[in-house]
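Please look through the chain below from its overall build down to single residues. The paragraphs that follow take it in that order, after a short word on strand pairing.

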Amino acid sequence: MTVVRKGLPGATRTCPHCRATILESSARCPQCLKHLRVDPDAASRAASTQVPFKVEGTIKRTAGDDPAEYAIVLVLRDERGQEVSRQVMGVGALLPGTERTFALSVELTSTGRAGAARG
Ligand SMILES: [Zn+2]
């Protein structure tokens with residue numbers, strides 16, 4: 001994962017509640033959903049936030065299936081196709097007659113700073 005200097009777009013910090021690595025600019029942790037600070041610019045940030053990518057799917061094991069194991073792997077690549085990060089987001093088992101729904105979304109918030117550093 002690329003380390004970005006504090007104050008620049010893409011700079012990160014650790015959520016004090018769940019210890020997840022989150023954006024320094026986040027007023028609310030996207031993992032534990034707890035508020036981190038009062039954001040006087042919340043309305044304008046919300047207006048400039050888009051979700052350009054969102055997928056969701058369900059995998060079911062029917063009663064006659066064998067139990068199965070799953071690993072949720074997230075791979076991030078840059079514009080050249082080179083891997084920036086790879087994380088196992090979770091693992092588990094699907095037993096006959098059970099299902100799991102997997103959802104991934106990418107939130108994109110404009111910083112209003114043209115030409116600033118990349119992350
Ligand atoms: Zn958190």
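Two strands are counted as paired if DSSP finds at least two bridges between them. With that in hand, strand β3 (residues 49-60) and strand β6 (residues 99-109) pair in the antiparallel sense, over ten bridges. One position can serve as a guide to the register: T58 stands opposite T101 in β6. The model in view is a predicted one, and the confidence values belong with any reading of it.

Those values are as follows. The mean pLDDT of the protein is 88, and 93% of its residues reach 70 or more. Among the elements, strand β4 (residues 68-77) has the highest mean pLDDT, 96, and helix α1 (residues 42-47) has the lowest, 76. Where pLDDT is low, predicted coordinates should not be read in detail.

How many helices and strands does the protein have? The secondary structure comes to one helix and six strands. Read from the N terminus, the order of the elements is β-β-α-β-β-β-β.

The overall dimensions come next. The radius of gyration of the protein is 18 Å, whereas a compact globule of 119 residues would have one near 14 Å. Along the principal axes, the C-alpha atoms fill a box of roughly 55 × 35 × 25 Å. Buried residues make up 1% of the 119 residues. Of the contacts with a separation of 6 or more, 51% are between residues 24 or more positions apart.

The protein is divided into two parts, domain 1 (1-47) and domain 2 (48-110). Their C-alpha centres lie 22 Å apart. Where the two parts meet, six residues of domain 1 are in contact with five residues of domain 2. On the domain 1 side of this contact, the residues divide into three nonpolar, two polar and one charged.

Domain 1 can be followed from its N-terminal part. A11 is found in the segment before β1 (12-14). Is A11 exposed or partly exposed? A residue is exposed if 12 or fewer other C-beta atoms lie within 10 Å of its own, and buried if there are 20 or more. A11 counts as partly exposed because it has 15 C-beta neighbours inside 10 Å. Leaving aside residues up to four places away in sequence, A11 touches V4, R5, K6 and E24. A longer step along the chain leads from A11 to D41: these two are 30 residues apart in sequence, and their C-alpha atoms are 18 Å apart in space.

Further on, R19 lies in the loop between β1 and β2 (21-23). Because R19 has 11 C-beta neighbours inside 10 Å, it counts as exposed. Its backbone deserves a look as well. Most residues other than glycine have a negative phi. R19 is a residue other than glycine with a positive phi, near 70°.

The loop between β2 and α1 holds a second such case. L33 lies in this loop, and its phi is near 65°, again a positive value in a residue other than glycine. L33 is exposed because 9 other C-beta atoms lie within 10 Å. P30 is found in the loop between β2 and α1 too. With 12 other C-beta atoms within 10 Å, P30 is therefore exposed. P30 and C15 are 15 residues apart along the chain, and their C-alpha atoms are separated by 9.5 Å.

Domain 2 brings the account back to strand pairing. Besides the pairing of β3 with β6, β4 is joined to β5 by ten bridges, and these two strands run antiparallel. Here the bridge partner of A68 in β5 is L94. What do β4 and β5 form, and how many residues lie between them? The two strands form a hairpin with five residues between them, and G81 in the turn has a positive phi of about 85°.

Burial in these strands can be read in the same terms as for single residues. None of the twelve residues of strand β3 is buried, so β3 lies largely in the open. Strand β5 (residues 83-94) also has twelve residues, and the number buried is zero, so β5 lies largely in the open. For the protein as a whole, the buried share is 1% of the 119 residues.

Conventions:
Residues are numbered from 1 along each chain as its sequence is written. This is a predicted model: local features need pLDDT of at least 70, side-chain atom pairs count only at pLDDT 80 or more; totals for chains, interfaces and linings use all residues. Domain bounds come from an automatic or database domain assignment. Two residues are in contact if their C-beta atoms, placed from the backbone, lie within 7 Å. Ala, Val, Leu, Ile, Met, Phe, Trp, Tyr, Cys and Pro count as nonpolar, Asp, Glu, Lys and Arg as charged, and the others, Gly among them, as polar. Helices (H or I, at least four residues) and strands (E, at least two) are DSSP runs, numbered from the N terminus. The radius of gyration is taken over C-alpha atoms; the globule rule is 2.2 Å times the number of residues to the power 0.38. pLDDT is the predictor's confidence in each residue, from 0 to 100.
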